[in-house]
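I opened this one with a fresh page and a cup of tea. Here are my notes, in the order I looked things up.

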Amino acid sequence: MGYLKPCSVFLLLVFFVACVSGEDPYRFYTWNVTYGDIYPFGIQQQGILINGQFPGPQIESVTNDNVIINVFNSLDEPFLISWNGVLQRRNSWQDGVYGTNCPIPPGQNFTYALQVKNQIGSYFYFPSLALHKAAGGYGGLSVASRPMIPVPFDPPSGDFTILAGDWYQKSHTELRAILDNGNNLPFPDGIIINGHGSNPITFTVDQGKTYRFRISNVGLTTSINFRIQGHKMKLVEVEGTHTLQNIYDSIDIHLGQSYSVLVTADQPPQDYYIVVSTRFTSKVLTVVSILHYRNSEGTVSGPFPLGPTIDTEWPIEQVRSIRGNLTASGPRPNLQGTYKYGMINTTRTITLQNSAPIINGKQRYAINSVSFIPSDTPLKLADYFKIQGLFSLGSISDNPTGGDGYLQTSVMAADYRDYVEIVFQNPEDTLQSWHIDGHFFFVVGMDVGQWSPASRLSYNLIDAVSRCTVQVYPKSWTALYMPLDNVGMWNVRSENWARQYLGQQFYLRVYSSANSWRDEYRIPPNALHCGKVVGL
């Protein structure tokens, strides 16, 4: 693939962002992405480091901040970073997935200009290309409320980010070769927490104080359950939504999801297990970290706290109990409950059904029978420069076809400011997790069995939680209401990375005919050009 090195300079990019974003504060980062030795299970592996760190540096920002990240690619292959949960308002140019951005070539750099516009909450970033996520390259991203916006809980005494998920001892190139040969990934070798598996990491607390834990599932293939020995957890935020502050002994976190809980150090001063284990797997993998009281009088002891069983009734009841806090302010001073999502008439129903077809003798994964194949040119660039023949709108149906799986560069057309109902239907025995870039959605319903129009009678149209990643239980359905309020080319994908890599994704083109900066920013001056747009 050919590339054209951008001729713009960094000051021009800052001027561009300032023009479109006003005078909101700026935060600048410079990252160098390299290979390096890591030891998650005590055995040397080659990982992907950012500034020598695994996980990478934490991004801490405040609502409406402009976050400028200059990424140098010192790997021997192209590289991209995406920002899981950052909405990229009017700016899919910064989304960092292959459908919107050319990869950063080896030895070159690219400066991302993000604005966390009207957002709060807990998220993470990750490498989106070539199964690099299996080697690391991810890190936490938090967005705090502006000082004048009330938060529905007292400031915690500390703030911990936990990036947990399954891990393989095979390199990302070996795993990629397995998938390229038409096979699914093997069962993971273990679970890690902040890069640690066999060597537990310690979180130190003071007795009597309350701490915030921001927990994200950054794994490739499995859901996890999180719990702390002898301690309750108060859920306060899910991917940017303040929730009703329910108390849980443990909480399921599915692929790509992020949760915030408050934990009070109200037990006798000693050490306690923090436990993460796999969910919905025949073999249960477990990893522990340590909650250490600063005045501890004893080491960690006793059995690990047990996690839930593999049935679906308990987790569905748990997720139904997670509701939005209608009296809390969101990123703006208006209350979360002022947006009456349940009173808006939907303009379109889209039903998306996952499948696992064999195509040309190889394992693939599909949505509505279409298994996505990437173009040699990012779709956003092809659309902007009007390059013909790379994709066609309507190349994926709004409903399951019931036909055999086939390969296609699938793009679904959608109109700006439509309000859609999306139903994920899962006929398989495995749990699915789905993410939609550039948008938030309200999870209005889920249940076992087949969705039908009568299922709408069970919808929560009052206080459903708003988020960007949602699970669909085995042989079950999940329904969403989503405002199409963000123009651009947006990735809809499975968060199971083997399924995503082998075709379980597509792009949603949200279109406005106004061609105005009010609806979408112009192409950034430092945009990389590759494929068929080299020289344009």
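The entries below go from the whole chain down to single residues.

**Entry 1: the whole chain**

I note first that this is a predicted model. I began with the secondary structure and found 5 helices and 38 strands in the chain. Next I looked up the radius of gyration, which is 22 Å, close to the 24 Å that the globule rule gives for 536 residues, so the chain is as compact as a globular protein of that length. For the outer dimensions, I took the box along the principal axes: the C-alpha atoms fill roughly 70 × 55 × 55 Å.

How many of the 536 residues count as buried? I got 60%. The accessible surface of the chain comes to about 20,200 Å², and carbon and sulfur atoms own 52% of that. I also looked at contacts between residues at least 6 apart in sequence, and 78% of them join residues at least 24 apart. Last for this entry, I checked the charges: there are 37 positive and 41 negative ones, and their mean positions are 5 Å apart.

**Entry 2: strand 20 and its partners**

I picked strand 20, residues 271-279, for a closer look. Is this strand mostly covered or mostly open? I found it mostly covered, with 9 of its 9 residues buried.

I then went through the pairing. Strand 14, residues 223-228, runs antiparallel to strand 20, and 6 bridges join the two. In that pairing I noted Ile228, whose bridge partner in strand 20 is Ile274. Strand 20 also pairs with strand 21, residues 286-293, again in the antiparallel sense, over 7 bridges. Here I wrote down Tyr272, whose bridge partner in strand 21 is Leu291.

The hairpin of strand 20 and strand 21 has 6 residues between the strands, and in it I spotted Phe280 with a positive phi near 60 degrees. A reminder to myself: most residues other than glycine have a negative phi.

**Entry 3: Pro303**

Following the chain on from strand 21, I came to Pro303, in the loop between strand 21 and helix 3 (313-320). Is Pro303 buried or exposed? Its relative accessibility is 69%, so I count Pro303 as exposed, the cut-off being over 50%. Leaving aside neighbours within four places in sequence, I found Pro303 in contact with Gln229 and Tyr273. I also took a distance to Phe153, 150 residues away along the chain: the C-alpha atoms of Pro303 and Phe153 are separated by 32 Å.

**Entry 4: the loop between strand 3 and strand 4**

I went to this loop for its backbone. Asn51 lies in the loop between strand 3 and strand 4, and its phi is near 50 degrees, a positive value in a residue other than glycine. With 37% relative accessibility, Asn51 counts as partly exposed.

Pro55 also lies in the loop between strand 3 (45-50) and strand 4 (59-62). Which kind of peptide bond joins Phe54 and Pro55, cis or trans? I read omega at about -10 degrees, and the bond is cis. Most peptide bonds are trans, which made this one worth a line in the notebook.

**Entry 5: Ser369**

Another positive phi turned up at Ser369, near 75 degrees, and this residue is not a glycine either. I placed Ser369 in the loop between strand 25 (366-367) and strand 26 (370-372). Ser369 is buried, at a relative accessible area of 7%.

**Entry 6: Gly36**

I found Gly36 in strand 2, residues 26-38. Gly36 has a relative accessible area of 14%, so I marked it as buried. Gly47 is 11 residues away in sequence, and the C-alpha atoms of Gly36 and Gly47 are 5.4 Å apart. Setting aside neighbours within four places, I listed the contacts of Gly36 as Gln45, Gln46, Gly47 and Leu49.

**Entry 7: Gln425**

My last stop was Gln425, which sits in strand 30, residues 419-426. Gln425 is buried, with a relative accessible area of 4%. Which residues does Gln425 contact beyond four places in sequence? I noted several, among them Thr351, Leu352, Gln353 and Asn354. Further along the chain, Gln425 is in contact with Gly449, Gln450 and Trp451, and also with Ser476 and Trp477.

Conventions. Residues are numbered from 1 along each chain as its sequence is written. This is a predicted model: local features need pLDDT of at least 70, side-chain atom pairs count only at pLDDT 80 or more; totals for chains, interfaces and linings use all residues. Side-chain values use heavy atoms; hydrogens and water are left out. Buried means under 20% relative accessible area, exposed over 50%, partly exposed in between (1.4 Å probe, protein chains only). Helices (H or I, at least four residues) and strands (E, at least two) are DSSP runs, numbered from the N terminus. Two strands pair if DSSP finds at least two bridges between them. The radius of gyration is taken over C-alpha atoms; the globule rule is 2.2 Å times the number of residues to the power 0.38. Contact means heavy atoms within 4.5 Å. Accessible areas come from the Shrake-Rupley method with a 1.4 Å probe; for residues, only the protein chains shown count as cover. Lys and Arg count as positive and Asp and Glu as negative; His and the chain ends are not counted. The place of a charge is taken as NZ of Lys, CZ of Arg, CG of Asp or CD of Glu.
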